[in-house]
Amino acid sequence: MELYHVLNASQFDRNSLDYICDLVNCIRRISKNKEGSLWLKDLLSNKYAMLYFVQPSTRTFLSFANACDRLGMINYEIRDNRTSSELKGETPEDTVRTFSSYVDMIIMRYPQKGFCDDIAKLLDRTDRSVPVINAGSGSDQHPTQSLLDIYTLVRSFKNRDGIDNKTIVMVGDLLRGRTVRSLSHLMRNYNDVRLIYVAPEEFQIDENMHSFLKEHNINYELEYELEKVVSTADAVYMTRIQDEYGFDESDFEEERNGFIHTKSGIKGRTKEEIGVKLKERLQKKYEKFHFKPEYLRLMKTDSAILHPLPRRNELPASVDSDIRAKYWRQERNGMWVRTALIACILDVDSYIFDYHKRYYS
Ligand code: NCD
């Protein structure tokens, strides 16, 4: 499959999604024994990758590092730009361009929307372009997460004709959650999917998402209480509130008598105090968007619960042992999907299919 930069979920069509899922299955099967694993490890043993992750990450970082290792690719990392020459005033553009002098692929997580795209364009104008993978661009996109979400859904519905015709409920911070945005973009590739977005009013999907869904004739609804829709779901996709992106500064009003008063009726001496009170208030408000253990009784017996993780109190650990809880598998699937993606980008996908055909068909 032709694939170079991976920047945005909307670049994947149904054929490419099916292709990646098939490749993942082959890789998993080949990896089951030592001989197969060693064969995979030789595929990209002449290649190098840079992991540039300057926003926090546990599983995306580790699964990419692991995916590189599984294909034998050597990888380097920068996880904090205070340890790079950016501290000396080098621009992020020059920093990333520097990586392209040493490696064959750049995998990056960066807080600013659009930066990955700009870097890809910049590198394409140089005589040493290398593929760029977006591993999370602020609150905007997380295309590789959406691929592993699709793979997990496909696996969850493997005896139910896949994702077509399913009702998928997405819950939480749908405004700033990049995983929901990217996953929703991929839903245009499936037939008769019904999406239900459950979020507090202030974190509901944005105008761009409404336009996208309408443009692609995707059947969707907004809802404000998980309990109401949990029984209709084939899959519930939980997310956490993304409070690292802060609360709305425009809520502040002028000081009066030594207190700051917000438009939403919170009073405090400092912005920090207001922040804490706002968080407490929202926490209470968010309870309708938490998955309560009693919902397990309401859910269909063959449904699936997903979460990109990390989770907080929106999904209690007591749900983990339910057969429908797929999020730990989803996390591991990330490693396989990223292995497949790297294999496609660096053109060893057809060798994998051939090997699989030779030894396993
Ligand atoms: C997500 C992310 O970073 O956007 N995590 C992940 O990559 N698995 C979700 C989140 O941080 O809430």
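Q: In what order do the strands of the open sheet of five strands stand?
A: This is a predicted model: local features need pLDDT of at least 70, side-chain atom pairs count only at pLDDT 80 or more, and totals for chains, interfaces and linings use all residues. Residues are numbered from 1 along each chain as its sequence is written, and side-chain values use heavy atoms, with hydrogens and water left out. Strands (E, at least two residues) and helices (H or I, at least four) are DSSP runs, numbered from the N terminus. The sheet has parallel pairing, and its order is 7-6-5-8-12.

Q: Which strands stand at the edges of this sheet?
A: Two strands pair if DSSP finds at least two bridges between them. Each edge strand has a single partner strand, so one side of it is left without a neighbour in the sheet. The edges are strand 7 (219-223) and strand 12 (304-306).

Q: What is the average twist from one strand to the next?
A: Axes are lines fitted to C-alpha atoms, and angles run from 0 to 180 degrees between N-to-C directions. From one strand to the next, the twist averages 20°.

Q: Which residue in strand 8 stands opposite Met170?
A: Strand 5 and strand 8 pair in the parallel sense, over four bridges. Across from Met170, in strand 8, stands Tyr237.

Q: Which helix gives the most to the largest nonpolar core?
A: A nonpolar core is a set of buried Ala, Val, Leu, Ile, Met, Phe, Trp, Tyr and Cys residues joined through side-chain atoms within 4.5 Å. The largest one has 71 residues; Ile107, Met187, Leu195, Tyr197 and Ile342 have the most contacts inside it. Nine of its residues come from the top contributor, helix 12 (residues 327-345).

Q: How many residues are in the other core, which includes Val169 and Tyr295?
A: This core lies apart from the largest one. Val171 and Ala233 are also among its members. Its size is 21 residues.

Q: Is Leu147 buried or exposed?
A: Leu147 is found in helix 6 (residues 143-156). Its contacts (heavy atoms within 4.5 Å), not counting residues up to four places away in sequence, are Phe12, Leu17, Ile20, Leu186, Val337 and Leu341. Buried means under 20% relative accessible area, exposed over 50%, and partly exposed in between (1.4 Å probe, protein chains only). Leu147 has 4% relative accessibility, so it counts as buried.

Q: How far apart are the closest N and O atoms of Asp80 and Arg82?
A: A salt bridge is a side-chain nitrogen of Lys or Arg within 4 Å of a carboxyl oxygen of Asp or Glu. Asp80 is partly exposed at 25% relative accessibility, while Arg82 is exposed at 60%. The two form a salt bridge, with their closest N and O atoms apart by 2.8 Å.

Q: In which helix do Arg14 and Asp18 both lie?
A: Their side chains meet in a salt bridge at 3.4 Å, N to O. They are four residues apart, about one turn of the helix. Both lie in helix 1 (residues 14-30).

Q: Which residues are linked with Arg160 in a network of salt bridges?
A: Arg160 forms a salt bridge with Asp234, at 2.7 Å between the closest N and O atoms. Arg160 lies in the loop between helix 6 and strand 5 (167-171), and Asp234 in the loop between helix 9 (226-229) and strand 8 (235-238), so the pair ties together parts 74 residues apart in sequence. Arg160 is partly exposed at 23%, whereas Asp234 is buried at 3%. The network links Arg160 with Asp234, Lys300 and Asp302.
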